[in-house]
Structure formats: C-alpha cells, structure tokens
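Visitor: I have a structure open on my screen and would like to learn how to read it. Could we walk through some features together?

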Amino acid sequence: MSRKEIGERGDIYARITERIVADLEKGVRPWIQPWSAANATGRITRPLRHTGEPYSGMNVLLLWSEAMARGFASPTWMTFKQANELGGHVRKGESGSIVIYASRFTKTETDAHGGEVERDIPFLKTYSVFNVDQIEGLPANFYLPPPPVLDPMARIEHADWFFAHTGAV
C-alpha cells in the first residue's frame with residue numbers, strides 16, 4: 001500500500017480496512033502469521049525496524065501483507081532517511097509501504113468556568129518504510145541470511161547432552 005495508491009490525505013482507518021478486505025478477497029487472512037510463506041528464505045518473524053526492534057500492532061499485519069504481496073524475504077524495514085544514514089540507497093523506482101504511528105498529545109484549554117483543563121488528544125500519523133530487499137549499499141549485516149533452524153531431533157540431542165553433563169539427579 002503505497003502513498004501513490006492511496007493518496008496523501010485519505011482516511012487511514014479506511015485505507016487499512018480496504019487493504020484487509022482486499023487481502024481477504026484474495027483468500028489471505030492477514031492476522032494469521034504466514035508460516036508457510038513461499039517467499040520466505042528462513043523462519044518467519046515479526047517485521048523488524050532497522051534497529052532489530054519488532055513492529056507491533058497493526059503494523060505487523062500491514063508489513064506481513066506487503067512482504068507477501070511483493071515477495072520480500074527480509075523482515076527488516078526502514079525509512080528512506082534511515083537507509084541514507086546507514087550508507088544505503090533505495091533503488092530507483094521502488095515504492096515504500098505505509099506504517100502507522102499512534103500517540104497522543106496533551107492540550108491545555110480553558111473550560112467554561114475559566115479553569116485550565118488538560119485534554120489528551122489521540123492521533124495517527126503514517127509514514128513510508130522500505131524493505132531491505134529494496135535498498136542497496138547497506139552494511140553487510142542487513143543482508144545476512146537468517147540463522148538456520150535446527151532440526152528438532154538435533155535440538156533434543158543437544159539438550160540431552162547438556163542435561164546429562166550437569167550432574168543433576
């Protein structure tokens with residue numbers, strides 16, 4: 001869902017609802033983690049910021065949906081500015097994906113009796129992020145393949161060896 005597709009001033013709630021409805025019409029349930037996503041090269045994780053911190057809330061669904069629709073294998077996303085600061089550059093012609101920032105600010109107003117009243121005002125702001133697959137020139141650690149998932153039997157053998165050597169009864 002790029003800004004070009006949805007327009008700058010559209011209602012964010014309506015845009016997200018439209019995206020979810022479009023996914024549902026394609027048979028995709030965006031709230032289910034895509035364990036068997038064909039485009040994934042490693043294990044599926046929550047979408048990550050460039051710092052490694054996972055996205056939360058609606059952004060998880062939005063970025064999973066974008067990654068599946070556009071074939072991105074990397075779980076890492078960053079803004080245009082963050083890519084530039086890290087020495088990378090977004091490839092020409094690439095479009096960003098919309099994420100949401102929700103917060104509140106406090107406004108002090110004068111009530112009918114002349115007293116000051118603080119009021120919390122919630123807001124939503126959108127901004128664009130790019131998947132690492134759309135960016136060139138980043139440090140090598142952004143392009144490393146994910147660590148291999150161990151075979152369950154090998155994990156159990158390792159655990160058995162560990163517990164056998166603890167000396168615990």
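Visitor: Let me start with one residue: leaving aside its neighbours within four places in sequence, which residues is Thr 79 in contact with?

Guide: Good place to begin, and please keep in mind that this is a predicted model. Beyond those sequence neighbours, Thr 79 touches Tyr 127, Ser 128, Val 129 and Phe 130. Thr 79 itself sits in the loop between strand 1 (77-78) and helix 4 (80-85).

Visitor: Is Thr 79 buried or exposed?

Guide: Look at the relative accessible area, where under 20% counts as buried. Thr 79 has 18%, so it is buried.

Visitor: And how does Ser 65, in helix 3 (residues 58-70), come out: buried or exposed?

Guide: Ser 65 has a relative accessible area of 5%, so it is buried too. Apart from neighbours within four places in sequence, its contacts are Arg 19 and Asp 23. Over the chain, buried residues make up 27% of the 169 residues.

Visitor: Then what about Phe 163 in helix 5 (residues 152-164), buried or exposed?

Guide: Here the cut-off to remember is over 50% for exposed. With a relative accessible area of 55%, Phe 163 is exposed. Together with Trp 161 and Phe 162, Phe 163 forms a nonpolar surface patch with about 390 Å² of accessible area.

Visitor: Now the strands. How do strand 3 and strand 4 run, parallel or antiparallel?

Guide: A general idea helps when you look at side chains: in a regular strand they alternate between the two faces of the sheet. In this model, strand 3 (residues 97-110) and strand 4 (residues 116-131) are antiparallel and joined by 14 bridges. To line them up by eye, find Glu 109, which stands opposite Val 117 in strand 4. The two strands form a hairpin with five residues between them, and Gly 114 in the turn has a positive phi of about 85 degrees.

Visitor: What is the overall pattern along the sequence?

Guide: Reading along the chain gives α-α-α-β-α-β-β-β-β-α, with five helices and five strands.

Visitor: Where does pLDDT stay under 50?

Guide: The general rule is that where pLDDT is low, the predicted coordinates should not be read in detail. In this chain, pLDDT stays under 50 over residues 1-6, for which the model has 18 contacts beyond four places in sequence. Residues 35-40 also stay under 50, with eight such contacts. The chain averages a pLDDT of 81, and 79% of the residues score at least 70.

Conventions: Residues are numbered from 1 along each chain as its sequence is written. This is a predicted model: local features need pLDDT of at least 70, side-chain atom pairs count only at pLDDT 80 or more; totals for chains, interfaces and linings use all residues. Side-chain values use heavy atoms; hydrogens and water are left out. Helices (H or I, at least four residues) and strands (E, at least two) are DSSP runs, numbered from the N terminus. Buried means under 20% relative accessible area, exposed over 50%, partly exposed in between (1.4 Å probe, protein chains only). Contact means heavy atoms within 4.5 Å. Two strands pair if DSSP finds at least two bridges between them. pLDDT is the predictor's confidence in each residue, from 0 to 100. Patches are made of residues with over 30% relative accessible area and no salt bridge: like charges are joined within 9 Å, nonpolar side chains (Val, Leu, Ile, Met, Phe, Trp, Tyr) within 5 Å. Accessible areas come from the Shrake-Rupley method with a 1.4 Å probe; for residues, only the protein chains shown count as cover. A salt bridge is a side-chain nitrogen of Lys or Arg within 4 Å of a carboxyl oxygen of Asp or Glu.
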